[in-house]
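I opened the notebook to record how the helices and strands of this chain are arranged, and I set down below what I looked up, entry by entry.

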Amino acid sequence: DVATGFLQSFTANDPDAIAEFVSDGFRNDHYSALGSDCTGRAEYRRRLPHFLDSFTDRVYEIDDIVAQRRDAVTDVVVRYRFTAIYAGSPIDIPGVMWLTVRGSRITRRVDTFDSMTFMYQTGQITPPEDY
């Protein structure tokens, strides 16, 4: 419920509501070339308005979700499609998030998305002919 609520919260333009899902010591790790890491709820919250302004009409559509509980922690792996409008270009990017949940808060997010597809769809690079 925490993982799906977190992803659904991005459809609104409320950075406080999104940040409420993460712990004070939250680690946001990106394993994609275009991603940017940060640590702490306050820093994550500070970055959210730029993300929300840059990606309008955003939706994380969950393609698959797997959860495994170990002690007081639940690891949730989500395969998703992120759709939005970025600088006037529609995007549809596949990705995977690994969320570590303790109680009702996410303590760590590891996000991997297809940076090359993002670059193609936003016109930053030209895709190969067989794309």
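Before turning to the helix that crosses the sheet, I noted that contact means heavy atoms within 4.5 Å, and that angles run from 0 to 180 degrees between N-to-C directions of the fitted axes. I also kept in mind that this is a predicted model.

I looked up the sheet and found six strands in the order 2-1-6-5-4-3, forming an open sheet with mixed pairing. Its edges are strand 2 (38-39) and strand 3 (55-70), each of which pairs on one side only.

I then checked what lies across this sheet: helix 3 (residues 41-54) lies across strand 1 (22-30), strand 2, strand 3, strand 4 and strand 6 (105-113), and runs at about 135 degrees to strand 3.

I went through the pairings next. Strand 3 and strand 4 (residues 73-86) are antiparallel and share 13 bridges, with Val59 opposite Thr83 of strand 4. Strand 1 and strand 6 run parallel and are joined by five bridges, and here Asn28 has Arg109 in strand 6 as its bridge partner.

On strand 5 (residues 89-102), I recorded eight bridges to strand 6 in the antiparallel sense, with Gly95 opposite Phe113 in strand 6. The hairpin of these two strands has two residues between them, and Gly103 there takes a positive phi near 65 degrees.

Last, I asked whether Ser9 is buried or exposed. Ser9, in helix 1 (residues 2-9), has a relative accessible area of 12% and is therefore buried, since buried means under 20%. Leaving aside residues up to four places away in sequence, Ser9 touches Ile18 and Phe21.

Terms used. Residues are numbered from 1 along each chain as its sequence is written. This is a predicted model: local features need pLDDT of at least 70, side-chain atom pairs count only at pLDDT 80 or more; totals for chains, interfaces and linings use all residues. Side-chain values use heavy atoms; hydrogens and water are left out. Helices (H or I, at least four residues) and strands (E, at least two) are DSSP runs, numbered from the N terminus. Buried means under 20% relative accessible area, exposed over 50%, partly exposed in between (1.4 Å probe, protein chains only). Two strands pair if DSSP finds at least two bridges between them.
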